[in-house]
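Student: Could you take me through one part of this model slowly? I'd love a close look at the helix at the start of the chain, and then at whatever it leads to.

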Amino acid sequence: MKDALNVLETISTFSLKANISIKPTQMGLAIDEEFGYQQVSTIVKCAKEYNNFVRIDMEDSPYTDATFRLLRKLKQDYDNVGVVVQAYLKRLTMM
């Protein structure tokens, strides 16, 4: 998380036309959804303060639903976050 915050600061300091993309499992989503939310929301809040945007990368199919839950929760408070969806991401169907 600290690296992402440092990157946001650097983008702002040098007035770069750039934003960041993060993987939610790197931020703890696979450990605990609430922990992952806290980590990602800290980054999104910081990005908002710098007038920047955060893209959340969709990862493997086991994390698809959790990633969308994370996005919905973040969207309640922030408008500077979105998710990158993989067009060919295979999802397992449980029967």
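Tutor: Happy to! The buried residues of helix H1 pack against strand E1 and helix H2. Please keep in mind that this is a predicted model.

Let's stay with H1 for a moment. This helix covers residues 2–13, and at 1.5 Å a residue its 12 residues should span 16 Å; the C-alpha atoms at its ends are 16 Å apart, so the expectation and the model agree. Which of its residues are buried? They are Ala-4, Leu-8 and Ile-11. Looking down the axis of H1, you would see these buried residues within an arc of 60°, which means that they line one face of the helix. A general rule helps here: an α-helix has 3.6 residues a turn, so residues three or four places apart point the same way. On the face of H1 turned away from the buried side you will find the exposed residues Lys-2, Asp-3 and Thr-13. After H1 comes Ser-15, which has a positive phi, near 50°.

Now let's follow the contacts of H1 to the sheet. Three strands make up an open sheet, in the order E1-E2-E3, and their pairing is parallel. E1 (20–22) and E3 stand at the edges with a single partner strand each, so one side of each has no neighbour in the sheet. On average, neighbouring strands here are turned by 30° against each other, if direction is ignored.

Next, the pairs themselves. E1 and E2 are joined in the parallel sense over 3 bridges. Ser-21 has Arg-55 in E2 as its bridge partner, and Ile-22 stands opposite Ile-56 in E2. To get from E1 to E2, the chain crosses through H2, and this β-α-β crossover is right-handed. Ile-56 also stands opposite Val-83 in E3. E2 (residues 54–57) and E3 (residues 81–84) pair in the parallel sense as well, over 4 bridges. One of the matches is Val-54, whose bridge partner in E3 is Val-81. Between E2 and E3 the chain passes through helix H3 (residues 64–75), again in a right-handed β-α-β crossover.

What about H2, the helix that H1 touches? H2 lies across E1, E2 and E3, and runs at about 150° to E2. Ser-41 is in this helix. Its relative accessible area is 9%, and since buried means under 20%, Ser-41 counts as buried. Leaving aside residues up to four places away in sequence, Ser-41 touches Leu-74 and Tyr-78.

That brings us to H3. At 1.5 Å a residue, the 12 residues of H3 should span 16 Å, and its end C-alpha atoms are 17 Å apart, which agrees. The buried residues in H3 are Thr-64, Ala-66, Thr-67, Leu-70, Leu-71 and Leu-74. Around the axis they cover an arc of only 165°, which means that they sit on the same side of H3. And what do the buried residues of H3 pack against? They pack against H2 (33–49), E2 and E3.

Leu-71 makes a nice example to finish on. Leu-71 lies in H3 and counts as buried, at 13% relative accessibility. Not counting residues up to four places away in sequence, Leu-71 touches Val-81, Gly-82 and Val-83. Leu-71 and Val-81 are 10 residues apart along the chain, and their C-alpha atoms are separated by 7.6 Å.

So here is the picture to keep: H1 sets its buried residues against E1 and H2, H2 lies across E1, E2 and E3, and the buried residues of H3 pack against H2, E2 and E3.

Notes: Residues numbered from 1 in each chain as written. Predicted model: local features only at pLDDT ≥ 70, side-chain atom pairs only at ≥ 80, totals over all residues. Heavy atoms only, no water. Pairing = 2+ DSSP bridges. Helix = DSSP H or I, 4+ residues; strand = E, 2+ residues; numbered from the N terminus. Right-handed = clockwise from strand over helix to strand, strands pointing away. Expected span 1.5 Å × (residues − 1). Buried < 20%, exposed > 50% of the residue type's maximum accessible area, 1.4 Å probe, protein only. Arc of directions from axis to C-beta. Contact = heavy atoms within 4.5 Å. Axes fitted to C-alpha atoms, helices over the stretch in contact; angles between N-to-C directions.
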